[in-house]
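Biologist: I would like a close look at a single part of this model. Please take one helix at the contact between the two chains, and explain its surroundings step by step for a first-year student.

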Amino acid sequence: MSHSCWFQRAALAVTCAVGSSIHLHAVSAGPIAIHGAVSATASYSDKYDFYGSTGESIDINNLELTLNGAQQFANGVRLSAQLYAYELGDSSDLTLDFASLDYAFNEKIGIRIGRNKQPNGLFGDSQDLDFVRPFVFLPLGIYGKDQRALTAAFDGATLYGSLDFAAAGSIDYQLTAGWTTRMSEDDPFISSIGESSPSVTTSMDVGESNTAWLAWNTPIDGLRLGGSASMVRGLSMDGVMRTAAELATIPSDLRTLPSAFPEGVWDMAVAGQSTTLDLDMVRSFFFAEYTRGDWQFITEYTQMQMDMTSVMPLFGASTLKMRSDAYYGMVTWQATPRLQLGAYYAESFANKYDRKGRLNVIVPDHRAWTKDLAVSASFAATEWLQLKAEVHAINGTQLLAGRGNPDVTTWERDWLYFAVKSTISF
Amino acid sequence: MTTVFRSFLLVFFLAAASAATRAQEAAFIAHPDVAESSLSADDVSNILLGKKTTWGSGPIKLALLSTGSVHEAVAKTFAQRSADQLDKHWKKLVFTGKGIMPAQFKTEAELLDFVSKTPGAFGYVAPGGATGSVKTIAIQ
């Protein structure tokens, strides 16, 4: 774990001490209702580092602290704000998760202005809230922890509401417009973008972000169908080209780029030069959710298209189109009032037109996909303390980072990932 | 024609039976100053799920029981969720900036006291449990 996480550790210690000494409920600071959550995750893999140093021993690889305050005024305007601090592997940050003014004219239409949570599929806006589900990790190829900076929130406005169609059910909607949030240079998302790239990303500007989200509450009790489409345009990144030696370690076929030049030319003419990358992204989700008694069945399909224009020294301007997709089926069961069990099977593909990795040259074909069978158990030890254990049997190495792991050419297809998590929420 | 008439009667009686069943789950109550005297079952569902947040005259202050058979029946009948699922639904709203946590009470006496003293308050107690200090809301 990094040394930059003193804040989170201190907050964790304080909250745990407070939490263990009292019965936790929402704190009322005058008219402001305060809620919070703090959690610690420990993970281990039989083969790889994944979200931390999990390949050799158990790593406490994810700490999270959420502090939330809200006040409703007499005129109906609601002010809400939330801080979210986390440590994930070597990264840590304290972020303003949302801060918004909200006013509902009626149930058909309301508006939320400020920093808003980003609605993407069923779990985009609630991806950090593990205490509302039995899983430690949502399907990794869809709601990856390292992607949250781009997908968790945006700055702008949301129009929302619920339209009643009598016997045909009702439709909940959210329409958003704004900009992506600014992220720090060592954010996990920036690291993941640069993971398989010939350049190291050094900064990222915000881009336009617009989303349409709909859910149809069908006349069939408990059945909800819906989808979302989000578009990010003009996301601009600056970077610096890697040296030949650095490039030789990335888990991508691009590692062979320097060999296209006479020996030494890459490091002399390319390495260290500035690069730019402009990114447009469209992501769509389709989902179905069926709740019956203590059971819940969920399935989602998502696809993402990224259109990138890069300018690199010697290579000049070039464009690249990437199309990835993923899907999963999930079931949860409230077995007893305190015990909830869940399982899902998810598949994700880096290139939907090359699901079997046939285009891979040096890196193994299984770098093209992730097939993940996850089983989880969640136990509510008290009203405010939740304990979880989860195991993933994973086929494919699409989600692995090069850092901390052996050379990509030696990676094996099948691996296991275990996680336990404790969460206090009030 | 007879078939159509019989079908109409069947739907009518099923709807009437459903309304009667819903009325047996709980007595819905509000602060005496709330102008509304009746709500549809869909309105109650929308209030319980945080979709309907205002009366004609101002914000709704929702009050829930935290445990018990009345709470479980109301959650199941009007929100189509178990009590635990309803609790998680509200946590999700709060931690995504979409709602403010309802007031929760362990006893009906505490809930009645809150509703009687809080303008805009709306809640429920066991059938026949409403007192003169609150307004009973009819469910259509």
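Modeller: What follows starts with the chain that holds the helix, goes on to the helix itself, and ends with the partner chain. Keep in mind that this is a predicted model.

The helix is α4 of chain B, residues 83–94. Chain B has 140 residues, and 43% of them are buried. Its secondary structure consists of five helices and six strands. Read from the N terminus, the order of these elements is α-β-β-α-β-α-α-β-α-β-β. Of the contacts in chain B with a separation of 6 or more, 68% are between residues 24 or more positions apart.

Now the contact between the chains. Chain B contributes 20 residues to it and chain A contributes 32 residues. On the side of chain B that touches chain A, two helices, α2 (41–48) and α4 (83–94), supply at least two residues each. The most comes from α4(B), which gives five residues. Sorted by class, that side of chain B has eight polar, seven charged and five nonpolar residues.

Next, the helix itself. There are 12 residues in α4(B), and the span from its first C-alpha to its last is 17 Å. At 1.5 Å a residue one would expect 16 Å, and the span is close to that. Which residues of α4(B) are buried? They are B:Ala83, B:Leu86, B:Asp87, B:Trp90, B:Lys91 and B:Val94. Because these residues cover an arc of only 140 degrees around the axis, they are on the same side of α4(B). The general rule behind such a pattern is that an α-helix has 3.6 residues a turn, so residues three or four places apart point the same way.

What covers the buried residues of α4(B)? The cover includes parts of both chains: from chain A there are β2 (32–45), β3 (59–72) and β18 (414–425), and from chain B there is α3 (69–79).

That brings in α3(B), which can be read in the same manner. Its buried residues are B:His71, B:Val74, B:Ala75 and B:Phe78. Seen down the axis of α3(B), they fall within an arc of 105 degrees, so they line one face of the helix. After α3(B) comes B:Gln80, with a positive phi near 50 degrees. B:Gln80 sits in the loop between α3 and α4 of chain B, and a positive phi is noted there in a residue other than glycine. Is B:Gln80 buried, exposed or partly exposed? It has 17 C-beta neighbours inside 10 Å, and therefore counts as partly exposed.

Chain A has a residue with a similar entry. The phi of A:Ala166 is also positive, near 50 degrees, and this residue is not glycine. A:Ala166 lies in the loop between β7 (153–164) and β8 (170–180) of chain A. Because A:Ala166 has 8 C-beta neighbours inside 10 Å, it counts as exposed.

Back to the interior. In soluble globular proteins, nonpolar side chains tend to be buried together. The largest nonpolar core here has 80 residues. The residues with the most contacts inside that core are B:Ile29, B:Ala30, B:Ala63, B:Val115 and B:Val125. Another core lies apart from it and has 15 residues, including A:Leu150, A:Ala153, A:Ile190 and A:Val232. To take one residue of the largest core, B:Val125 is in contact with B:Ala26, B:Ala27, B:Ile29, B:Val70, B:Glu108, B:Leu111, B:Leu112 and B:Ala130, when its neighbours within four places in sequence are left aside.

Last comes the partner, chain A, whose strands help to cover α4(B). Chain A has five helices and 18 strands. Buried residues make up 42% of its 426 residues. Along the principal axes, its C-alpha atoms fill a box of roughly 70 × 45 × 40 Å. The radius of gyration of chain A is 22 Å, which agrees with the value near 22 Å for a compact globule with 426 residues. Among contacts in chain A between residues at least 6 apart in sequence, 64% join residues at least 24 apart.

To return to the request: α4(B) gives the most to the side of chain B that touches chain A, and its buried residues are on the same side of the helix.

How values were computed: Residues are numbered from 1 along each chain as its sequence is written. Chains are lettered from A and ligands numbered from 1 in the order in which they are written. Two residues are in contact if their C-beta atoms, placed from the backbone, lie within 7 Å. Helices (H or I, at least four residues) and strands (E, at least two) are DSSP runs, numbered from the N terminus. Ala, Val, Leu, Ile, Met, Phe, Trp, Tyr, Cys and Pro count as nonpolar, Asp, Glu, Lys and Arg as charged, and the others, Gly among them, as polar. A nonpolar core is a set of buried Ala, Val, Leu, Ile, Met, Phe, Trp, Tyr and Cys residues joined through C-beta atoms within 7 Å. A residue is buried if 20 or more other C-beta atoms lie within 10 Å of its own, exposed if 12 or fewer, and partly exposed in between; C-beta atoms are placed from the backbone. The radius of gyration is taken over C-alpha atoms; the globule rule is 2.2 Å times the number of residues to the power 0.38. The expected span of a helix is 1.5 Å times one less than its number of residues. The arc is that of the directions from the helix axis to the C-beta atoms.
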